[in-house]
Amino acid sequence: MKHCVVIGGGVVGLTTAWALLERGHGVTLIERDSEVAQGASRANGGQLSYRYVSPLADAGVPLKAMRWLLDPDGPLRFKPEASWAQWSWLVAFLRNCRGPVNRRTTERLLALGAYSQASFARLQAAAELGDAIALRTPGKLVVYRQPAEFARVAARVQGSGAEQALSHDDCVALEPALAQFEEGEATLAGGIFTPGEAVADCHAFCAALYERLHGHEHFRGRLGGRVDGFLTSVRGTVFGVQTTAGDVTADAVILAAGLHSRALAATVGVELPLYPLKGYSLTAPITSDHRPPEVSVTDFEKKILYARIGQQLRIAAMVDLVGEDLGLDGRRLASLQRSVRATFPHAADYDRATPWAGLRPATPSGAPIVGASGVPGLWLNVGHGALGFTFSFATANIVAELVSGRASPLPLQGMTL
Ligand SMILES: Cc1cc2nc3c(=O)[nH]c(=O)nc-3n(C[C@H](O)[C@H](O)[C@H](O)COP(=O)(O)OP(=O)(O)OC[C@H]3O[C@@H](n4cnc5c(N)ncnc54)[C@H](O)[C@@H]3O)c2cc1C
């Protein structure tokens, strides 16, 4: 049995703690906030998108990005900064914007997604998190407004067992709320449906899992204490952490502090290629007057996700490269409200929607960084970007296996430093 310190009480840190305890290790989890899941895991899109992994870096994205930047209501915003982190990330991102690279990353993420789905099922069975996490498996429908774009994607998925290309009418038959789509000016060309995709409340999941962890005799949760650095031996091995509440020694330290992992890793000379991709969400109550989509819907051209989570509609959108700014930009929120009201006018009470902004801890390729850090004693579980809820179950098990001295259950090419 090893004593492990996990840094970060987001979905990645919590699932890592669970996976380590399952393998017989002792765990101290350190979270700087007084509650878990107050960072990117707070009010994300809630999608467990195991098969629709779609890495952002792809051929044609730089050109599309130019168009998006010119559109004030577009999904992308860029504020240039005099920052090495921003420009080095952008250069690496552009290098990943090639078809063959995208296909390789997609293959790896699909394998990770499949393993994550199986890992989540095992965790669910063992932890019995109950109804609070609002888990449903309605499948995911990616809808297209442009017939040409839809035809291109439909031709690609033909014959694939996992995805089904649906005509306009089939989309509306599957998800009657889509009839609202065309009440305004929008057109619906068709959609790609992936059965088996799930949605859940990530924050509720984290809170419920933390409660289960607390019941474990070998778990200690330290909330409200920030990790400021590492304890290192003269040979450079990490043997613990320095926190605002004192030092904690450990046989293994797992860095799972989301975006903030970058600054912590830098204190021991590890450069993590992470950059914040800021996104927004709205959480709007659903009453008996509303007609929300039951299927989880992604509006491809607008890059907006809709997921019913219990009696609320969660809407997530936007990629803003604006540094670590967590402010709620009134213009961005107004633009999101306009799009949502035009797309699903009767789905929820948008007047009472709660806005939120979070920073996706993104790598240039879109794949997380998992495993050895290069510094003995320090392990990484970072960079989950737009799909951290989805992939957390897989990467937690991978890290826990490696810490236990065993091989990774999946090949880690493209997912290491
Ligand atoms: C708008 C939006 C929509 C999204 N939608 C989806 C979705 O639908 N599906 C999906 O799978 N993913 C989605 N994501 C991505 C997902 O939310 C993230 O990838 C995931 O939450 C990252 O989890 P994390 O634990 O790495 O980071 P976080 O949740 O940010 O957790 C890191 C934790 O570390 C703590 N910490 C930081 N520094 C220190 C320190 N020095 N000491 C102690 N603690 C520290 C922080 O306080 C924080 O609690 C979305 C993200 C956004 C922003």
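## Strand β2 and its surroundings

In this predicted model, strand β2 runs parallel to strand β9 (residues 219-223), and five bridges join the two. One facing pair in this arrangement is Val27 of β2 and Phe219 of β9. β2 itself spans residues 26-31. Five of the six residues in β2 are buried, so the strand is mostly covered by the cut-off of 20 or more other C-beta atoms within 10 Å.

β2 also pairs with strand β1 (residues 3-7); these two strands run parallel and are joined by five bridges. Val5 stands opposite Thr28 of β2, and the bridge partner of Val6 in β2 is Leu29. Between the two strands the chain passes through α1, going from β1 to β2 in a right-handed β-α-β crossover.

β1 has a further parallel partner in strand β13 (residues 252-255), to which four bridges join it. Val6 takes part here too, with Ile254 as its bridge partner in β13. Like β2, β1 is mostly covered: four of the five residues in β1 are buried.

The strand pairings are listed below.

| Strand pair | Direction | Bridges | A facing residue pair |
|---|---|---|---|
| β2 and β9 | parallel | five | Val27 and Phe219 |
| β1 and β2 | parallel | five | Val5 and Thr28 |
| β1 and β13 | parallel | four | Val6 and Ile254 |

**The ligand shell**

The ligand is surrounded by 41 residues, and the closest are Gly10, Gly39, Gly45, Gly258 and Gly388. Two or more residues of this shell come from each of α1 (11-22), β2 (26-31), β14 (275-285), β18 (354-362) and α10 (388-403). β2 therefore belongs both to the strand pairings described above and to the elements that supply the shell. Sorted by class, the shell holds 15 nonpolar, 21 polar and five charged residues.

**The whole protein**

There are ten helices and 20 strands in the protein. Its radius of gyration is 21 Å, close to the 22 Å that the globule rule gives for 417 residues, so the protein is as compact as a globular protein of that length. Taken along the principal axes, the C-alpha atoms fill a box of roughly 65 × 45 × 45 Å. Of the 417 residues, 47% are buried. Among contacts with a separation of 6 or more, 77% are between residues 24 or more positions apart.

**Ala208 in helix α7**

Ala208 is part of helix α7 (residues 202-214). Is Ala208 buried or partly exposed? Ala208 counts as partly exposed because it has 19 C-beta neighbours inside 10 Å, while 20 or more would be needed for a residue to be buried. Leaving aside residues up to four places away in sequence, Ala208 touches Leu129, Gly130, Ala132 and Ile133. Pro62 is 146 residues from Ala208 along the chain, and the C-alpha atoms of the two are separated by 40 Å.

Definitions and conventions. Residues are numbered from 1 along each chain as its sequence is written. This is a predicted model: local features need pLDDT of at least 70, side-chain atom pairs count only at pLDDT 80 or more; totals for chains, interfaces and linings use all residues. A residue is near a molecule or strand if its C-beta atom, placed from the backbone, lies within 6 Å of it. Ala, Val, Leu, Ile, Met, Phe, Trp, Tyr, Cys and Pro count as nonpolar, Asp, Glu, Lys and Arg as charged, and the others, Gly among them, as polar. A residue is buried if 20 or more other C-beta atoms lie within 10 Å of its own, exposed if 12 or fewer, and partly exposed in between; C-beta atoms are placed from the backbone. Two strands pair if DSSP finds at least two bridges between them. A crossover is right-handed if, with the strands pointing away from the viewer, the path from the first strand over the helix to the second runs clockwise. The radius of gyration is taken over C-alpha atoms; the globule rule is 2.2 Å times the number of residues to the power 0.38. Two residues are in contact if their C-beta atoms, placed from the backbone, lie within 7 Å.
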